[in-house]
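This report covers selected features of a two-chain model. The contact between the chains comes before strand pairing and helix packing.

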Amino acid sequence: MFFDSDLLMSALRALTPILLAALGGAICERAGVFNIGLEGMMLMGCFTAVATSWFTGSPWLGVLAAALAAAAYSLILAVGTVTLRGDAVVLGVAMNLLAVGLTSFLLRTVFGVQGTFDDPSLAGLPLIGGLSPLAYLSWAAVGVAAVMLSRHVWGLRLRGVGEAPDAAATLGVSPAKYKYAAVLLSGVLCGLAGSQLALGNVTLFTENMTAGRGWIAVVAVMLGRALPLGVLLAALLFGLAEAAGFRLQGLGLPQQATDAAPYVVTLGALFLTTARRRRRVRPSSTGAAS
Amino acid sequence: MTPPQADPAVELRGITKRFPGTLANDAVDLTVRRGEIHALMGENGAGKSTLMSILYGMTRADAGSVRVDGREADFASPGDAMAAGLGMVHQSFKLFDSLSVAENVVYAAEPRRFGLVDRAAARRRVRELVEEHGLAVDPDARVGDLPVGLRQRVEILKLLHRGARTLILDEPTAVLTPAEADALFTVLKSLTAQGRTVILVTHKLREVLEGSDRVTVLRDGRVVARLVTAETSADEIAAAMTGRAVELDRIHAPGTPGDVVLGVSGLATDGVREASLTVRAGEIVGIAGVAGNGQSELIEALAGLRPTSTGQVTLLDADITHASATERRLKGLAYVPEDRHAVGTAPAASVAENLAMGHHRTSLSSRGLLPPAGVRAHARQLTERFGIKASAPEVPASALSGGNLQKLLIGRELAHEAPLLLVEQPTRGVDIGAIQNIHDQLIAYRDAGHAVLLVSAELSEIRGLADRVLVMYEGRITASYDKDEADERTLGLAMAGGASREAVTVEAVD
């Protein structure tokens, strides 16, 4: 059978990093910061998790360090967009490119290897019921984020800041503070996502190992309309696509084709969301210029 | 000890504020008594906004003192001003469209339960305020879905929730329909009856005369008049604002209509149902109506910006029903759109470029190129002819004041000498002096034998300029009046839907 519990478990494993990163993206989106640096933050998390776990022997210290490192890395976006009023897209892309270069460089200098660092004594996260504790944490995070955003005072203020920063400022709420908090939080969540990827799904670090998952998380934010539950459903869709890709590979399809599954789903999702958005826009003026 | 009631609500003494190149406020004194509606008037750039932003802690004065309720105040932020009992409704509303009315009202001053927003308490609070002040609005409605008049109420509720004793309203009626404006003043009067104080920043004379107790007029950063509303007149205030005698609400003599230039029969588009009208050469036809009754859609359809679904449109006997905007312009149509910033001009482009737009395909074009000398000469000529004040033709259009930008837009379109001019809201947000200039230009254009179709939300403008007045209601043209029949009452009634086709015939029989 194509759909069975193995496929589901595989989908849940694939889901976790995307979900964690996408929750971070959703919080930023609500605060009015377009965060496409999720990929880079996650990759920084992957490397820090592996390096810390290797040198301390504790995967949990790895997770903690990853969360801190990715949060520190996310400061580039916070300072760049909020304080210096730079362009979030340019910064996000730069962060993603920098993270690939920086982690590859560190891999060479710290571990003296190229491509992949892999060692049997590298400690990964324990499994509970076949899944890492971070998987359960990510589900809990969905609920917490949903309540915080929709019901909590902090969430109301954050949403206000994202929608109309001027209006929030006139009421004494500092948009900068909330935006910084949202970006830092997304950094922490991306650090957890990276830990899950490098110490949960596998136990190794390989160059550019996020392989577009951060970008998929960006799409999950759009598709889920930056609502925690919506993001969960979108991430689940991508998790299933990735798991189905593995399965199809097992059925003899070429790997190059099956690896493309999540990206094909991403493209389809992007197409659907933009098509929907386009319909909402008023027909533009015609013939005004010639 | 003096009871606090004896102190003025707001007292500004010797407020001076200098910006590079201008003295925005020059030793301004302003006293606002408790329980009054005090109008602060002046043309654009007179220093009203600067003064209010100093009072509200958004700008620091270079010199002078602020007292609120008798206490010395030095506000570093709007938050400080709010804590002292001030509240400001900004001209562009500061609301969260996707949030509910209740959420907007309690934002940053939320009733809480265990750190969560207590929604039931928020709703209750809004209902209390609504009942207490007669500001009917549904606490659960999404603010983005509300009409402008109700959004303004949300702004006022927000301030009342925070306990504001003095409300500052910046150009509150700029975006309101006449009925909404009346409702606003009813609310303001009930607020002052409870002992609250209102400062009204505006340049609209009529509402000041009807709604305020006292008036302070600023010009060039100085106080030029302090008046008691009951003892003054529109002419006196206008003269103080402009520094010269101004003839207000002039009814221009009718024109002499010639041949039909624009013929519209049974036109329908989104928001417009079976509109039929004609505009003749040497005639201004005015369309009155409350905003949102299809006037903009009709004009956009005529300008070629919106497809016509049924009906026929002729321009000088040529059928242009399905012509593009370019074809229409080449056949003899010019157009002054309602939104001069987003549609009428390109703010980042220079004054000269903006003046060249449209003319680029006719007079200014030379073998497909635009010789810069020609563009410059054209700009010089138009800025002179229409009195557009720009420091140089190269400055971006965004550097112009609202009135000057409107003069640029109208000048550019008039310069086409097109047989038909469509013009929407020609003087919205424009100073009294500039209004007069623009009106004179439109009348001169008509007298030169051109046809003008005018849409305006200002009844006085329609009555002053139009030779015939049509009223639009719910997408239909429901009434038509000659110049001498179109008094304010009749038009007001028709705009509120009181005129049916029968009413038109009765009117004609009379």
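## Interface and internal packing

In this predicted model, 22 residues of chain B are in contact with 20 residues of chain A. On the side of chain B that touches chain A, at least two residues each come from α2 (78-83), β8 (116-117) and α10 (325-332) of chain B. By class, that side of chain B has 10 nonpolar, 6 polar and 6 charged residues.

**Strand pairing in chain B**

The strand pairs are listed below.

| Strand pair | Sense | Bridges |
|---|---|---|
| β3(B) (residues 37-41) and β11(B) (residues 214-219) | parallel | 4 bridges |
| β11(B) and β12(B) (residues 222-228) | antiparallel | 6 bridges |
| β13(B) (residues 260-269) and β14(B) | antiparallel | 6 bridges |

Strand β11(B) appears in two of these rows, paired with β3(B) and with β12(B). On the β3(B) side, Ala39(B) stands opposite Val215(B) of β11(B). On the other pairing, Arg214(B) has Val228(B) in β12(B) as its bridge partner. The strands β11(B) and β12(B) form a hairpin with 2 residues between them. In that turn, Asp220(B) has a positive phi of about 50°.

A further set of 4 strands in chain B forms an open sheet, ordered β14-β13-β16-β17, with antiparallel pairing. Strands β14 (272-280) and β17 (318-319) of chain B each have a single partner strand and stand at the edges, so one side of each is left without a neighbour in the sheet. Where β13(B) pairs with β14(B), Val260(B) stands opposite Arg280(B) of β14(B). Helix α9 (residues 295-303) of chain B lies across β13, β14 and β16 (310-315) of chain B. The helix α9(B) runs at about 65° to β14(B).

**Helix packing in chain A**

How do helices α2(A) and α8(A) cross? The axes of α2 (residues 38-56) and α8 (residues 175-201) of chain A come within 7 Å and cross at roughly 55°. That angle makes α2(A) oblique to α8(A). The crossing of α2(A) past α8(A) is right-handed. Residues of α2(A) that make the contact include Leu38(A), Met41(A), Met42(A), Gly45(A), Ala49(A) and Ser53(A). On α8(A), Gly187(A), Cys190(A), Gly191(A), Gly194(A) and Ala198(A) are among them. By class, the contact of α2(A) with α8(A) has 13 nonpolar, 6 polar and no charged residues.

Definitions and conventions: Residues numbered from 1 in each chain as written. Chains lettered and ligands numbered in written order. Predicted model: local features only at pLDDT ≥ 70, side-chain atom pairs only at ≥ 80, totals over all residues. Pairing = 2+ DSSP bridges. Contact = placed C-beta atoms within 7 Å. Nonpolar A, V, L, I, M, F, W, Y, C, P; charged D, E, K, R; others polar. Axes fitted to C-alpha atoms, helices over the stretch in contact; angles between N-to-C directions. Parallel < 35°, antiparallel > 145°, perpendicular 65-115°, else oblique. Left-handed = near helix turned anticlockwise from the far one by under 90°.
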